[in-house]
Amino acid sequence: MKTLSKRERLLASSIIAGVALMGGASVAQAQTQPQSEEVTEVSQIVVTGSRIRARDTVGNSPIATVSAEALSEIGSATVETYLNALPQVVPHGTRVNNNPGYAGAAYINLRDLGPSRGLVLVDGRRLVPGSSSGATNLSILPPGLVERVELITGGASAVYGADAVAGVVNFILKKDFEGLEFTAQTARSQENDANEYSLGMIAGTPFANDRGHITFAAGFTKRDAVYQGERDAYKYASYHDLDGVHLNGSPTTPDGTFSLTAAMVTPENKQRLVDYFTARGVNVTAADFFQNNRLGFNPDGSLFVAGNGTPMKGYKGPYSDGYDAATGYYYNFNPVNLLLSPLERYNFYTDLSYELAPNIEFYGNALFSTYSSLQSLAESPASFAIPINTTVTLNGDVRSLLQSMNLPIPTNKTSPEFGLSRRTNELGPRAADTTVRAFQLTGGFRGDLPQIFGKTWSYDVFASHGRYQELSEDIGYPNGDRIRAALAGCPSGSPLGPVGSTGAPSTCVPLNPFGAGSITPTQVDYIMAKGQISRTDLEQTHAVASVSGELFDLPAGPVGFAVGLEYRDLSYFDNPASDVQTGNLLGGNSAAPVKGGFDVAEVFAELKVPILADLPFIHRLEVEAGYRYSEYSLGFETEAWKYGGEWAPTEWLRFRGLVQRAVRAPSIGELYSTRQEGYPQVTTSTIDPCNANSTQRTGANAAQVLALCQAQSSQINATWIGSAAGQQFRTYSGGNINLQPETADSFTAGFVLKAPASFPSWTQAFGATVDYWSIEIQDVISTVGYTTSLSRCYSADYNPNFSASNVYCQNINRDSATGMLTSTSLEGFISQRNANLAASEVSGVDLGVSYQAALADYGLSDAWGRLGVTVQSTWFERNAFQSLAGNPFTDYVGTIGSGSPGATALPEWKTSTRIAWSFMDDFSLSLRWQYIGGVETGATGRDIPSIDAQNYFYLSGRWQVNDTLELFGGIDNLTDVDPPFYSGGFQFGTDPSTYDVIGRYFYVGVKARF
């Protein structure tokens, strides 16, 4: 490999970074200009989006390229931070997401179709998945070894297989690196927090007289946590509207509160409450005591009025802020929640190639990555039924007060009760301490086959095996069985607790939940759920054998082809912590173990045929096609294909287009997640439609509804009542092994403007691309809520024939003996399992403009160097989702999204502009401008109805001190733009995936090459 001089390196990096948007020929030209003597040695290359080797980098799929230089122009060492700013990408799961939290994982979401619908490759090969959804975790990649990232839009399943629905993100790693390079970087916010440190090393050398080459890379990254309580803007739980900021804490407090019931607020009991508080010097009236107002416990066990939109009175506890006493006492849960998640990561990568014999080269690589991160939520909320007569830790005066109220005794109980809600602050925040370990080994052979019909064909055969393991320990949660035993006063048979300092299991200690700080360290040791470690393992084995080359020559050029076989085996095992499996982790979700897997065998082919060339108005006319057949062990088969072509009427103008069919196989999580039972309440609005008194049975279609009900169960007759309000339905949700693949049809069409090398140099400075893209997905895997199934199965609008085989009716499974769907029946239930139900449509236009020029061409001296301007912009025409067949499509373009947790802003326009200037041989500067269009929130009344367009600027610079040493630094969010707050912001009062919540961020670094 040639070693570039300092000047050449600067010029090359400036050019490569500057043409990041252009894709196709323009990128290749920019990358090869500083190394023109090497171009003659490379006759054919492979472009992302095709396996056919070609003499140029002209591709018919819209492609955006991000260079290593551009990736380094940001303060964060995690690659997704830069990629999420690209117009083609909608952020999903970032370093500032805490709830939902991603525990250090990072995913890329092309066109807002979800991380599982975009395929991530490394050097054109699949990487082991990082979740049960099949999405790849970018955090395991070696960031210092990335040479460039290529993103293509549109289904690419014909080339790469399942999951390439929205497109492909291909990380191209550095090859044939020679020498030794060290990099160190440190970063910090303007608030003197969010510290991040990274170290990197790359070493490479040829050996065996240049027949082999080995490269080794290692990296370390450490990012400090930032808690919301450390920032003034986020330290209080709040709600934003047009009138300002309002405190908005939780009614579940560390003191313990309960709501007054109807029986507690009779006129006689109101007077008892007034007497109780008046005797203790608290000024109250009977109006303070109404149903659902809250009372709480002071540290001494006495009561205070917590309020419910009404004033707080008589509070003696330790919490003095985060609430407005005039509207009640609420807990400020923000301070212990993370604003920025911590990360400590180690990456290692080795790449080896060796020519065993002419036309037989062995190559292989090994990736290993491990990192740890933390998710932190407010302390665990819990609810308890407190027996008034027998709870020994209840304050005596409070017991006497409640006993005097003559409250009803619940069925099968011996004492009246009240419902206590309390956060177990003494146990600390709920946290998930997560460690991820991932590796992937790849080995293969490649070379040229003996000439066939005078043509050279190339072969490539490889296999890889990877494992992704995640260990997550739940911390700060109480164990349900033990806390109930402690609340009951530790009756005989109370369970033992975790092993304590004595080496023996701890024994039950009566629990005092009344008042902040009332739970002692001994009580904490007993009720704390310890050793709650969940483990997830994913393994992937992948093998591909392919041949590519030229079949024969036509007058317009050679016909290119690629054919091959592919095999992939995927297995998954998720073993939740013991208390998670039993539902005994209070304040956490329950889950059961999940195990499953599948394999797939595939055959694929591609063809590229030049039709005409070098004719008037037909500089080049070419068509291409591809096909892939896949057979899954799950019992289904899929077909993916593509066809399209290009027409270049001149050397400087090229039109291109592709039509593609892509598929996404069901993920392991969608297939195998354990069935979960639910027991939603039967209400007057959700009563069983087969009930003789329901609106369906008494409406215009009563006869058809009765016939349908009787087709579902022989137990139902004209007077059948079935479930009544107050009972509980039984629902089942979870995986479905009968799922079918999602199918997507995509269309892209556009043009490329780029002057060839034969044109004057000033014309070659400019390039542009415009591409329209459209992706429509059918059979999207989703779920139907039980209320939807109940209403639509018996509706003429959704089941016009009142057929029992209707898609909604298939979810209704009646008990054979009673016809019931409630928890009192043995077999009856309503299914909410995953099914192929929904549809999604996205479309838009990508615009790209590039200007790259040596300023000497415009009369300036060589010292002025080169200037590059690139613009990437996306106009979102449509982003629509249909939740169920028959439902209207909802278009989210120009809105804050669906409003569900994790939803993100979807502006109509997103633009990224980068200006790069390299000068005086030794210096370079770049300024990047990110534009995010305004969106509507859908809010009414005094809620914030819209968010204005946002503009972020990123400044970076480099100084090549000498051939060995380089200094660099920069400022992210140069103008320190605050995030826009809005009503219903799903985290921090805003959308932290889209808008910057950290603020102005500085970084400096050094790179040394030997």
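Which residues make the nonpolar surface patch of about 330 Å²? In this predicted model, the patch is built from Phe216, Tyr346, Phe348 and Phe368. Phe368 sits in strand 17, which covers residues 360-377. Its relative accessibility is 35%, so Phe368 counts as partly exposed.

**Helix 9**

Let's move on to helix 9, residues 480-487. Six of its eight residues are buried, so the helix is largely enclosed by the rest of the structure. The buried ones are Gly480, Arg482, Ile483, Ala485, Ala486 and Leu487. As for what lies over them, the cover includes strand 18 (381-387) and helix 10 (521-527).

Both ends of helix 9 have a detail to look at. At the start, Asn479 brings a side-chain oxygen to within 3.1 Å of the backbone nitrogen of Asp481. Just after the helix, Gly489 adopts a positive phi of about 90 degrees.

Asp481 turns up again in a salt bridge, this time with Arg484. Arg484 and Asp481 are three residues apart in helix 9, so about one helical turn separates them. Neither is on the buried list: Arg484 is partly exposed, with a relative accessible area of 44%, and Asp481 is partly exposed too, at 41%.

**Salt bridges**

Across the model, the count of salt bridges comes to 39. Here are three of them, with the closest N to O distance for each.

| Basic residue | Acidic residue | N to O distance |
|---|---|---|
| Lys313 | Asp288 | 3.0 Å |
| Arg484 | Asp481 | 3.2 Å |
| Arg535 | Asp537 | 2.6 Å |

What does the pair of Lys313 and Asp288 tie together? Lys313 lies in the loop between strand 14 (303-305) and strand 15 (338-340), while Asp288 lies in the loop between helix 7 (267-278) and strand 13 (294-297), so the salt bridge links parts that are 25 residues apart in sequence. Asp288 has a relative accessible area of 10%, so this acidic partner counts as buried.

Is Asp537, the partner of Arg535, buried or exposed? At 11% relative accessibility, Asp537 counts as buried. Arg535, by contrast, is partly exposed, with a relative accessible area of 38%.

Salt bridges also join up into a network, whose members are Glu69, Glu181, Arg958, Glu966 and Arg1009.

**Strands 23, 24 and 25**

Now for some strand pairing. Strand 23 (residues 557-575) runs antiparallel to strand 24 (residues 594-615), and 15 bridges join them. Within that pairing, Leu565 stands opposite Val603 of strand 24.

Strand 24 is also joined to strand 25 (residues 618-632), again antiparallel, through 14 bridges. If you want a register marker here, take Lys608, whose bridge partner in strand 25 is Glu624. The hairpin of strand 24 and strand 25 has two residues between the strands, and Phe617 takes a positive phi near 65 degrees in this hairpin.

**A four-stranded open sheet**

Elsewhere, four strands form an open sheet in the order 28-29-33-32, with mixed pairing. Strand 28 (676-678) and strand 32 (812-813) stand at the edges with a single partner strand each, so one side of each has no neighbour in the sheet. The partner of strand 32 is strand 33 (residues 829-831): the two run antiparallel and are joined by two bridges. Ile812 faces Ile830 of strand 33 in this pairing.

**Ala640 and its surroundings**

One last residue to click on is Ala640, found in strand 26 (residues 637-650). Is Ala640 buried or exposed? The cut-off for buried is under 20% relative accessible area, and at 3% relative accessibility Ala640 counts as buried. Leaving aside residues up to four places away in sequence, Ala640 touches Ser157, Ala158, Gly626, Tyr627, Arg628 and Arg661. Gly626, Tyr627 and Arg628 fall within the range of strand 25, residues 618-632. For a sense of distance across the chain, the C-alpha atoms of Ala640 and Pro980 are 43 Å apart, and the two positions lie 340 residues apart in chain numbering.

Notes: Residues are numbered from 1 along each chain as its sequence is written. This is a predicted model: local features need pLDDT of at least 70, side-chain atom pairs count only at pLDDT 80 or more; totals for chains, interfaces and linings use all residues. Side-chain values use heavy atoms; hydrogens and water are left out. Buried means under 20% relative accessible area, exposed over 50%, partly exposed in between (1.4 Å probe, protein chains only). Contact means heavy atoms within 4.5 Å. A polar contact is a pair of N or O atoms within 3.5 Å; within protein, one must be able to donate a hydrogen and the other to accept it, and residues adjacent in sequence count only if both atoms are side-chain atoms. Patches are made of residues with over 30% relative accessible area and no salt bridge: like charges are joined within 9 Å, nonpolar side chains (Val, Leu, Ile, Met, Phe, Trp, Tyr) within 5 Å. Accessible areas come from the Shrake-Rupley method with a 1.4 Å probe; for residues, only the protein chains shown count as cover. A salt bridge is a side-chain nitrogen of Lys or Arg within 4 Å of a carboxyl oxygen of Asp or Glu. Two strands pair if DSSP finds at least two bridges between them.
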